[in-house]
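Hi,

Here is the structure I said I would pass on. Have a look at it first, and my notes come right after.

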Protein chains: 2
Amino acid sequence: MRFGFDRLAAFCRDALVALGALPEHAEVTARRLLEADLRGRTGHGIIRLPQYAGRIEAGGIELRPDIDLLRETPVSGLVDGGNGLGQVVMTVATETAMTKAIESGMAWVGTVHSNHAGAAGVYTGMAAERGLIAMYTAVASANVMPPWGGRERLLGTNPISIAIPTDSHPFLLDIATTVTSHGTIKVLAQAGQQMPEGWVVDLEGRPILDPTRADEGFLMPIGGYKGSGLNLGLGLLAGVLNGAAFGDDVIDHRQVPGQAANTGQAIFVMRPDLFRDFDEFRSDMERHLAALRASGGDDPVHLPGDMAAAEMSSRLRDGIPLGDVLLDQLRALGARLDVEDGLD
Amino acid sequence: MRFGFDRLAAFCRDALVALGALPEHAEVTARRLLEADLRGRTGHGIIRLPQYAGRIEAGGIELRPDIDLLRETPVSGLVDGGNGLGQVVMTVATETAMTKAIESGMAWVGTVHSNHAGAAGVYTGMAAERGLIAMYTAVASANVMPPWGGRERLLGTNPISIAIPTDSHPFLLDIATTVTSHGTIKVLAQAGQQMPEGWVVDLEGRPILDPTRADEGFLMPIGGYKGSGLNLGLGLLAGVLNGAAFGDDVIDHRQVPGQAANTGQAIFVMRPDLFRDFDEFRSDMERHLAALRASGGDDPVHLPGDMAAAEMSSRLRDGIPLGDVLLDQLRALGARLDVEDGLD
């Protein structure tokens, strides 16, 4: 079944308000979740609402957070999220970074005491829509693999997103530095499908194919030791640099829903006109991206952001599809919380 | 055979001066090349000198370049390298970025009309030694693969380096976003060894194992579409953003040695004390890195920068080993250019 963006966002917002969130925090969180669904990033969309509800009900998220700018300069900020909803904290961080970047040329804003904030590309996309370059990374909300050569889970799926404005939709990379992520595994599990080899291995290096057994194994980094090193470097910048959780200090936010996660994120925003005239830059971007798209001969080549832009226009037109398992979960949540439009 | 750093650096410097380079440019280039060798990044060390000599003699590199800061703000710069030696241009860019970052908190400096600058980690390492965080990327000096799903070589091995200071040697990631790089292939070719599967494929996707035939195929990105997207995003930031060559505009600097390459690079430098007290940050880095190193049980876990630091101390003590093929090339070059210490 398909539902409009506004209807699903209203459902999310109303559910979060019923759980005790401030109306403006509920609204922001709902929008960030559905913006992920709009882009086809379903693993970080409304599928997360039941999990967030579980953490809120277990006392793991502060619904009246003090969100403070602990440190700042004209080009930097450290946002203490006060253990508030991650989408709210990252929206504050992104807006702070954009404002500073417009004023000063660039800005790097980190977060501490934040929570899972959903799809990386939602935040870098906000900057690209305003003609700004953005990069985002985070310490993911659970450890899923050892460093290359190690045997203890000390690293997460730490994502990287890069967004660059063009004349049309932005170039928008949004990837986990693991071959897959828990969001994607969750989507497969709900669809009753198997995982391909190379996603998850057990302690002896044997592949695990059943997505419901993924937690028994390790996720694999992209590119072996290279992706492992990149994942680690990004985690240090999003976690240790901000005084947020990293390594042993990271809790699995699904396993211990009542515990504060102290998630760390970082967003960097930069004006392209520091280096070239903006119009010249955008048209040169278009020229190069067009050549790349045409490089498959008769096969279409999709660049980062292309599928998301196509999904966005079709989902804005036709609605956002929800699978049966998720829809049942959302309806049960809506009934329990007495949300008026229960998606029936 | 092993040679001391100073002796090899003097050989490089003298050869470059004999080729017509300014003494200070020859000195800087020699040091950057040998610093790569010291770290064990042999593919970007003195092995490149014969190739640079070829480009200089063919007129492809300007030996009296005007190196200009075309644009600048307190946090940014665009360095026009005037088609000078890449190590010289990138050293100017790195020093500019460090000076601005110390003053303003952070800085992003791009290059245009630059040339191949060797090992990424040499530049980020300069910043980390001064207690600064650094990231570097570049458009590599030849196209080696299509974008994911494409059939035309439009992307290079575009590297990424991240350096973060600690209490001891820095965390220092320095990777190509392809499974391998031409520097590594060149080392294997000189050693007469085969490439493993997964490095290079031909137009039909079949593996090529002979390193001397690598140019017939495509290099593979790390992590499939993910690494391809990352490679592309980095290339846009190092190339298109600076008005440097990208995509179709990139020449293979080995194939057309007489042509200016218009290489683009970018380095970002940031003070860690924007976010945390520096001592607290460094000791927290050490704590986490120690836990990661210990996570292999009886197996040692090497983190990015660990092997380079170990290589550096052993090579400073025992000298830098040169293989026979390379040594013959260098001796022939030295004899031809009448360099006094011909490494005999």
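Below is what I found when I went through it.

One thing up front: this is a predicted model, so please read everything here in that light.

I started with the sheet in chain A. It is an open one of 7 strands with mixed pairing, and the order is β2-β3-β4-β10-β5-β6-β7. β2 (68-73) and β7 of chain A sit at the edges; each has a single partner strand, so one side of each has no neighbour in the sheet. From one strand to the next, the twist averages 10°.

Two helices lie across this sheet. Helix α4 of chain A (residues 86-104) lies across β2, β3, β4, β5 and β10 of chain A, and runs at about 160° to β4(A). The other helix comes from chain B: α7 (residues 225-238) lies across β5, β6 and β7 of chain A, at about 135° to β7(A).

Now to the β7 edge. Strand β6 of chain A (residues 159-164) runs antiparallel to β7(A), and 6 bridges join the two. A:D174 belongs to β7, which spans residues 171-176 of chain A, and A:S161 stands opposite A:D174. Is A:D174 buried or exposed? It is buried, because its relative accessible area is 12%, below the 20% cut-off. A polar atom of the A:D174 side chain lies 2.9 Å from the backbone nitrogen of A:G121. Leaving aside neighbours within four places in sequence, A:D174 is in contact with A:R41, A:A119, A:A120, A:G121, A:I160 and A:S161.

Over to A:P65, which lies in the loop between α3 (49-57) and β2 of chain A. A:P65 counts as buried too, at 13% relative accessibility. Again leaving aside neighbours within four places in sequence, its contacts are A:H25, A:G81, A:G82 and A:G84. A:P65 and A:D80 are 15 residues apart in sequence, and their C-alpha atoms are 9.5 Å apart in space.

Last, some backbone angles you may want to check. Most residues other than glycine have a negative phi. A:D338 has a positive one, near 65°. A:D338 is in the segment after α10 (324-337) of chain A, and counts as exposed at 70% relative accessibility. B:H113 also has a positive phi, near 50°. B:H113 is in the loop between β4 (106-112) and α5 (120-129) of chain B, and is partly exposed, with a relative accessible area of 36%.

Cheers

Methods. Residues numbered from 1 in each chain as written. Chains lettered and ligands numbered in written order. Predicted model: local features only at pLDDT ≥ 70, side-chain atom pairs only at ≥ 80, totals over all residues. Heavy atoms only, no water. Helix = DSSP H or I, 4+ residues; strand = E, 2+ residues; numbered from the N terminus. Buried < 20%, exposed > 50% of the residue type's maximum accessible area, 1.4 Å probe, protein only. Polar contact = N/O pair within 3.5 Å; in protein donor to acceptor, adjacent residues only side chain to side chain. Contact = heavy atoms within 4.5 Å. Pairing = 2+ DSSP bridges. Axes fitted to C-alpha atoms, helices over the stretch in contact; angles between N-to-C directions.
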